[in-house]
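The following report examines how the loops, strands and nonpolar interior of one protein fit together. The sequence and the structure come first, and the discussion then moves from single residues to the fold as a whole.

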Amino acid sequence: MNRRITALSAAMALAASLALTGCSSSSDAAGGDGKPELKVSGAFMPQPVMDMAGGFLTITNDGDTADKLTSVTSPISDDVTIHETKNQKMQEVEFFEIPANGKLALARGGNHIMFMSLKKKPRQGDKVSVELHFEKSDPIKVDLPVEAANHNPQQH
């Protein structure tokens, strides 16, 4: 009889620990690794005609966790900001959302990077180095090819 109770107690303890392990595993599976997976494409800067310039690119997040683009730095300017365009007016923002399994598109006529007081004006064919900073992800360094002033790739 004692053996049976001991065996039953051991089986219940094992079942309880497996159930708890299962709970923890399934919550991990639902949350994935909990990290955004960011990559940058389509980056460019139109050749500036004044001492300021815009920057455009797409950030794709293949992860299951959202992130935010919080700032951009570049050796070409000490004043780099991120702007949204609403009702045909530009305004600086603190961040842009990058949805889980989604994209953030910075494009002409919409959201963009703004470089003020350029230290030097890059010319078509040059590359401008920038570093994108995020709330959760490590910074990403990107070279923006300088394109013709009127360059406007087709957005999909």
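Thr-65 sits in the loop between β2 and β3, in a model that is predicted. With a relative accessible area of 15%, Thr-65 counts as buried because it falls under the 20% cut-off. Setting aside residues up to four places away in sequence, Thr-65 touches Gly-34, Lys-35, Pro-36, Ala-100 and Lys-136.

One of these partners, Gly-34, belongs to the loop between α1 (2-31) and β1. Gly-34 is partly exposed, at 39% relative accessibility, and its contacts beyond the neighbours within four places in sequence are with Asp-64 and Thr-65. The C-alpha atoms of Gly-34 and Gly-63 lie 7.8 Å apart in space, although 29 residues separate Gly-34 from Gly-63 in sequence.

A further loop residue, Pro-48, is found between β1 (38-46) and β2 (53-61). Pro-48 is buried, its relative accessible area being 8%, and it touches Ala-53, Leu-118, Lys-121 and Pro-122 when residues up to four places away in sequence are not counted. Between the C-alpha atoms of Pro-48 and Phe-115 the separation is 9.7 Å, for two residues that are 67 residues apart along the chain.

The individual residues discussed here for their accessibility are set out below.

| Residue | Relative accessible area | Class |
|---|---|---|
| Phe-44 | 4% | buried |
| Phe-56 | 7% | buried |
| Pro-48 | 8% | buried |
| Thr-65 | 15% | buried |
| Gly-34 | 39% | partly exposed |

Turning to the fold, the secondary structure amounts to one helix and 10 strands, and in sequence order these elements follow the pattern α-β-β-β-β-β-β-β-β-β-β. Of the contacts in the protein with a separation of 6 or more, 70% are accounted for by residues 24 or more positions apart.

How do β1 and β2 pair, and how many residues lie between them? The two strands run in the antiparallel sense and share five bridges, and they form a hairpin with six residues between them. Within this pairing, Ser-41 of the protein stands opposite Thr-58 in β2. Strand β1 is also joined to β10, with which it runs parallel, by two bridges, and here the bridge partner of Met-45 is Val-146 in β10.

Strand β10 (residues 140-147) is in turn linked to β9 by six bridges in an antiparallel arrangement, and a hairpin of five residues connects β9 to β10. Strand β9 (residues 127-134) also pairs with strand β3 (residues 67-73), again in the antiparallel sense, over four bridges. Leu-132 has a part in both of these pairings, since Leu-132 in β9 is the residue that Val-72 stands opposite, while Leu-132 itself stands opposite Ile-140 in β10.

Leu-132 appears once more in the nonpolar interior. The largest nonpolar core has 27 residues, and those with the most contacts inside it are Ile-59, Leu-69, Ile-113, Phe-115, Leu-132 and Leu-144. In soluble globular proteins, nonpolar side chains tend to be buried together. Leu-144 has an extended list of partners when residues up to four places away in sequence are left out, including Ala-43, Phe-44, Met-45, Gly-55, Phe-56, Leu-57, Phe-115 and Val-130.

Two of the residues that Leu-144 touches, Phe-44 and Phe-56, also meet each other through their rings. The structure holds one aromatic pair, formed by Phe-44 and Phe-56, whose rings are tilted, with 5.2 Å from centre to centre and 35° between the planes. The pair counts as tilted because that angle is neither under 30 degrees nor over 60. The pair links distant parts of the chain, with Phe-44 in strand β1 and Phe-56 in strand β2, 12 residues apart. Phe-44 is buried, at a relative accessible area of 4%, and Phe-56 also counts as buried, at 7% relative accessibility. Another aromatic ring has a charged neighbour, for Lys-68 lies over the face of Phe-95 at 4.1 Å from the ring centre.

For the protein as a whole, buried residues make up 35% of the 156 residues. The area exposed is about 9,900 Å², of which carbon and sulfur atoms supply 52%.

Definitions and conventions:
Residues numbered from 1 in each chain as written. Predicted model: local features only at pLDDT ≥ 70, side-chain atom pairs only at ≥ 80, totals over all residues. Heavy atoms only, no water. Buried < 20%, exposed > 50% of the residue type's maximum accessible area, 1.4 Å probe, protein only. Contact = heavy atoms within 4.5 Å. Areas by Shrake-Rupley, 256 points an atom, 1.4 Å probe, with all protein chains shown as cover. Pairing = 2+ DSSP bridges. Core = buried A, V, L, I, M, F, W, Y, C linked by side-chain atoms within 4.5 Å. Phe/Tyr/Trp six-rings, centres within 6.5 Å; stacked < 30°, edge-to-face > 60°. Lys NZ or Arg CZ within 6 Å of the ring centre and 35° of its normal.
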